[in-house]
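Hi,

Here is the structure I promised to pass on. Have a look at it first, and then read on for what turned up when I went through it.

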Amino acid sequence: MRRVTVNVNIHEAKTHLSRLLEQVAAGERVVISKAGTPVADLVPHQAATVTFGGLKGEVAYDDQAFGLDPDIQQMFYGVADKPEESGDLGGPDGDAAP
């Protein structure tokens with residue numbers, strides 16, 4: 001089967017979009033141009049498959065990656081003079097500091 005290429009300008013594409021989509025579904029190639037310069041191709045949709053766990057074994061992290069960042073804490077809450085005044089118990093997980 002030989003692929004037919006159809007070239008249309010933007011106005012024609014807007015006016016005849018349904019017809020152009022039928023042509024694409026039938027295997028034709030549609031090129032949309034602006035002032036004679038191609039800017040887009042209408043192509044059939046190709047669903048991408050999603051693979052969960054695709055990076056398993058490729059990405060490594062430790063438990064600290066999910067901890068509280070002191071710099072971000074300071075940006076949001078500032079620095080208190082005394083921990084008991086701010087309600088801060090000392091540790092990032094709310095436990096008393098050693």
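Before the sheet, a word on terms: two strands count as paired here if DSSP finds at least two bridges between them. Also keep in mind that this is a predicted model.

With that in hand, the sheet is open and built from three strands in the order E1-E2-E3, with mixed pairing. E1 and E3 (37-42) are the edge strands, each with a single partner, so one side of each has no neighbour in the sheet. From one strand to the next, the twist averages 30°.

For the wider layout, the protein has four helices and three strands, and along the sequence they come as β-α-α-β-β-α-α. Buried residues account for 13% of the 98 residues. Of the contacts between residues at least 6 apart in sequence, 29% join residues at least 24 apart.

**The strands**

The mixed pairing is easy to follow strand by strand. E1 and E2 (residues 29-34) run parallel and are joined by five bridges. Going along that pairing, Val6 has Val30 as its bridge partner in E2, Asn7 sits opposite Val31, and Val8 is opposite Ile32. On the other side of the sheet order, E2 and E3 are antiparallel, also over five bridges. Val30 turns up here too, standing opposite Leu42 in E3. E2 and E3 make a hairpin with two residues between them, and Ala35 in the turn has a positive phi of about 55°.

Which side chains of E1 point to the buried face? In this strand (residues 5-9) the side chains alternate: Val6 and Val8 point to one face and are buried, whereas Thr5, Asn7 and Asn9 point to the other and are not.

**The core**

Those two valines belong to the largest nonpolar core, an eight-residue set in which they are joined by Ala13, Leu20, Val24, Val30, Ile32 and Leu42. E1, helix H2 (17-25) and E2 are the elements that each give two or more residues to it. As general background, nonpolar side chains tend to be buried together in soluble globular proteins.

Val24 is a good place to click. Leaving out neighbours within four places in sequence, Val24 is in contact with Val30, Leu42, Val43 and Pro44. Two of those, Val30 and Leu42, are in the core list as well.

**Around Gln23 and Ala26**

Gln23 is in helix H2. Is this residue buried or exposed? Its relative accessibility is 16%, and the cut-off for buried is under 20%, so Gln23 counts as buried. The Gln23 side chain makes a polar contact of 2.9 Å with the side chain of Glu28. Setting aside neighbours within four places in sequence, Gln23 is in contact with Val6 and Glu28.

Ala26 is in the loop between H2 and E2, and with a relative accessible area of 55% it is exposed. Its C-alpha atom is 9.3 Å from that of Pro44, a residue 18 places away along the chain.

**Helix H3 and the aromatics**

H3 (residues 70-77) is another story. How many of its eight residues are buried? The number is zero, so the helix lies largely in the open. At its N-terminal end, Asp69 acts as the cap, with a side-chain oxygen 2.8 Å from the backbone nitrogen of Asp71. After the helix comes Gly78, which has a positive phi near 75°.

Searching the whole structure gives two aromatic pairs. Tyr61 and Phe66 are edge-to-face, 5.3 Å centre to centre with 90° between the planes. Phe76 and Tyr77 form a tilted pair, at 6.4 Å centre to centre and 45° between the planes. As for burial, Tyr61 and Phe66 are both exposed, and Phe76 and Tyr77 are exposed too.

If you want somewhere to start, I'd go to Val30: this residue is the bridge partner of Val6, stands opposite Leu42 and is in contact with Val24.

Cheers

Note on methods. Residues are numbered from 1 along each chain as its sequence is written. This is a predicted model: local features need pLDDT of at least 70, side-chain atom pairs count only at pLDDT 80 or more; totals for chains, interfaces and linings use all residues. Side-chain values use heavy atoms; hydrogens and water are left out. Buried means under 20% relative accessible area, exposed over 50%, partly exposed in between (1.4 Å probe, protein chains only). Axes are lines fitted to C-alpha atoms, for helices over the stretch in contact, and angles run from 0 to 180 degrees between N-to-C directions. A polar contact is a pair of N or O atoms within 3.5 Å; within protein, one must be able to donate a hydrogen and the other to accept it, and residues adjacent in sequence count only if both atoms are side-chain atoms. A nonpolar core is a set of buried Ala, Val, Leu, Ile, Met, Phe, Trp, Tyr and Cys residues joined through side-chain atoms within 4.5 Å. Contact means heavy atoms within 4.5 Å. Rings of Phe, Tyr and Trp (its six-membered ring) pair if their centres lie within 6.5 Å; planes under 30 degrees apart count as stacked, over 60 as edge-to-face and the rest as tilted.
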